[in-house]
Amino acid sequence: MTSRLCSRLWLEHFSRTCSAITTTSARASDLIEFQEVCDNQEWSISFVHAFACIQSIVVVKLPLEQFHAWENKSFEPEARFLEALQKVEGLSVIETQTYTLEVVNLMGKIRVPKASEGCMADSIPTFA
């Protein structure tokens, strides 16, 4: 399932993030514990850590149909994941957000030339 947002942008995925701010008193062991909580989840995730603002973000990206099915189940097992994060001492301001996450080709349609039209056309062997 896809939705057209404009002439060159199609919506095909939704993402759900959970972000946590690392407190100033956080230890390396707190970040390791955060990563272990992430590793024990039932879904495929991307993990981002922004050192400048000491924020850790977990991203789950799914095609629209799968996302809506997950949403209809109250994002389960997200509640258990958030509960586990609440127990990590060095984390605060734990929140979730839903947004779109798409790859956008800013170059337009890319034309790949045939070998016979490319820069090495003269070196292509010919068979009679």
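**Exercise 1. Sort the faces of helix H2.**

Start with the outward side: Glu65 and Asn72 of H2 are exposed. Exposed means over 50% relative accessible area, buried under 20%, and partly exposed in between (1.4 Å probe, protein chains only). Helices (H or I, at least four residues) and strands (E, at least two) are DSSP runs, numbered from the N terminus. This is a predicted model, where local features need pLDDT of at least 70, side-chain atom pairs count only at pLDDT 80 or more, and totals for chains, interfaces and linings use all residues. Residues are numbered from 1 along each chain as its sequence is written, and side-chain values use heavy atoms, with hydrogens and water left out.

Task: find the buried residues of H2 and say how they are arranged.

Solution.
- Step 1. Leu64, Phe67 and Trp70 are the buried residues of H2.
- Step 2. Look down the axis of H2: these residues fall within an arc of 125 degrees, so they line one face of the helix. The arc is taken from the directions from the helix axis to the C-beta atoms.
- Step 3. Glu65 and Asn72 lie on the other side of H2.
- Step 4. Move past the end of the helix. Ser74 follows H2 and has a positive phi, near 55 degrees.

**Exercise 2. Trace the aromatic cluster.**

Task: classify the ring pairs that Phe67 makes with Phe14 and with Trp70.

Solution.
- Step 1. Set the rule. Rings of Phe, Tyr and Trp (its six-membered ring) pair if their centres lie within 6.5 Å; planes under 30 degrees apart are stacked, over 60 edge-to-face, and the rest tilted.
- Step 2. Search the whole structure: four aromatic pairs turn up.
- Step 3. Take Phe14 and Phe67. Their centres are 5.1 Å apart and their planes 45 degrees apart, a tilted pair.
- Step 4. Place both rings. Phe14 is in strand E3 (residues 13-22) and Phe67 in helix H2 (residues 64-72), so this pair ties together parts 53 residues apart in sequence.
- Step 5. Take Phe67 and Trp70. The centres are 6.0 Å apart and the planes stand at 85 degrees, so the pair is edge-to-face. Both residues lie in H2, three residues apart, about one turn of the helix.
- Step 6. Check burial. Phe14 is buried at 18% relative accessible area. Phe67 is buried too, at 1%.
- Step 7. Join the pairs. Phe14, Phe67, Trp70 and Phe75 are linked into a cluster.

**Exercise 3. Follow strand E3 outward from the rings.**

Task: which ring does the charged end of Arg16 sit over, and what does Thr17 touch?

Solution.
- Step 1. The charged end of Arg16 sits over the ring of Phe75, 3.9 Å from its centre. The rule asks for NZ of Lys or CZ of Arg within 6 Å of the ring centre and within 35 degrees of the ring normal.
- Step 2. Thr17 lies in strand E3. Its relative accessibility is 7%, which counts as buried.
- Step 3. Leave out residues up to four places away in sequence. Thr17 then touches Ile57, Val58, Val59, Glu95, Thr96, Gln97 and Tyr99. Contact means heavy atoms within 4.5 Å.

**Exercise 4. Judge the chain as a whole.**

Task: where is confidence lowest and where is it highest?

Solution.
- Step 1. pLDDT is the predictor's confidence in each residue, from 0 to 100. The chain mean is 77, and 79% of residues reach 70 or more.
- Step 2. Strand E1 (residues 3-6) is lowest, at a mean of 62; H2 is highest, at 89.
- Step 3. Where pLDDT is low, the predicted coordinates should not be read in detail.
- Step 4. Three helices and six strands make up the secondary structure, in the order β-β-β-α-β-β-α-α-β.
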